[in-house]
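Welcome! Please take a moment with the sequence and the 3D view below, and then we can walk through them together.

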Amino acid sequence: MIICADGLTGIKEAIAAAYPKAEYQRCIVHQVRNTLKYVSYKDMKDFAGDLKKIYLAADESKGKEQLDKVTEKWNSKYLNSMKSWHNNWDVLSPIFKFSSDVMKILYTTNAIESLNSTYKKLNRQRTVFPSDKALLKSLYLSTLQATKKWTQPIRNWGKAYGEFSIMYEGRMPL
């Protein structure tokens, strides 16, 4: 199993403790956003295009090669802009084990972001709950409401599922 999540401190360790066989993949979209927030607006489009060459590379070695090129190109203008990519390469690189169709599914956590947004909205509307049970009921109902919006099927899911079931044999339900 591969779990894609943002760069929350301690998430990798928590996943390893709860699911020892799981692989952790950092959300590429979060990584790109965090990198671009330190880049001038006039350079943002070029910089983002260069970052795209990293995570869309054919394999890990080509991705690492692109990472080095991007670092070399931009480091003089944005010192340490790529430091996070180098420091987190171990959690950014599992994506290269998959085909390009599966990579597109994995490099973002939009469904999770949507659910978290629903929970934050619930929390803003009501900050105090009379009991733990009331909170759990509210979270449950919010989850049901959020899942009603998830009507689009995942593109190429059949291919992705087949790839997952081969890579993680015995862990995928048939």
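Let us begin with a single residue: Ser138 has a relative accessibility of 17%, so it counts as buried, the limit being under 20%. Keep in mind as you look that this is a predicted model. You will find Ser138 in helix α9, which covers residues 132–148. What is Ser138 in contact with, once its neighbours within four places in sequence are left aside? The partners are Leu122 and Phe129.

For a contrast, turn to Val29, a residue of helix α2. With 24% relative accessibility, Val29 counts as partly exposed, because that class takes in values between the 20% and 50% limits. Val29 also gives you a feel for distances in the model: from its C-alpha to that of Tyr168 is 25 Å in space, and the two are 139 residues apart in sequence.

Now move to the interior. The largest nonpolar core contains 27 residues. Phe47, Leu51, Ile54, Met82, Trp85, Phe98 and Phe164 are the ones with the most contacts inside this core. Which elements give two or more residues to it? They are α2 (28–36), α3 (41–55), α4, α6, α7 (100–106) and α10 (157–167). Of these, α3 makes the greatest contribution, with four residues.

Met82 is a good place to pause. Apart from its neighbours within four places in sequence, Met82 is in contact with Thr35, Phe47, Leu51, Ile54, Leu67, Val70 and Thr71. There is also a second core, separate from the one just described, with six residues. Among them are Ile15, Ala22, Tyr24 and Val91.

Next, look for charged side chains. Side chains of opposite charge can pair when their charged atoms come close. How many salt bridges does the model have? The count comes to eight.

One of these joins Asp90 to Lys12, with 2.7 Å from N to O. This pair ties together distant parts of the chain, since Asp90 belongs to helix α6 (residues 89–92) and Lys12 to helix α1 (residues 11–18), 78 residues apart. Are the two side chains buried, or are they partly exposed? Asp90 has a relative accessible area of 46%, so it is partly exposed, and Lys12, at 36%, counts as partly exposed too.

Another salt bridge sits within a helix: Glu65 pairs with Lys69, and their closest N and O atoms are 3.9 Å apart. Why are these two residues separated by about one helical turn? The reason is that they are four residues apart in helix α4 (residues 60–74). Glu65 is partly exposed at 44% relative accessibility, and Lys69 is partly exposed as well, with a relative accessible area of 46%.

Asp59 and Lys62 form a further salt bridge, with an N to O distance of 3.9 Å. Here Asp59 counts as partly exposed at 27% relative accessibility, and Lys62 is partly exposed with a relative accessible area of 45%.

To finish the tour, find Asp50, Lys53 and Lys73, which are linked in a network of salt bridges.

Technical notes:
Residues numbered from 1 in each chain as written. Predicted model: local features only at pLDDT ≥ 70, side-chain atom pairs only at ≥ 80, totals over all residues. Heavy atoms only, no water. Salt bridge = Lys/Arg side-chain N within 4 Å of Asp/Glu carboxyl O. Buried < 20%, exposed > 50% of the residue type's maximum accessible area, 1.4 Å probe, protein only. Core = buried A, V, L, I, M, F, W, Y, C linked by side-chain atoms within 4.5 Å. Contact = heavy atoms within 4.5 Å.
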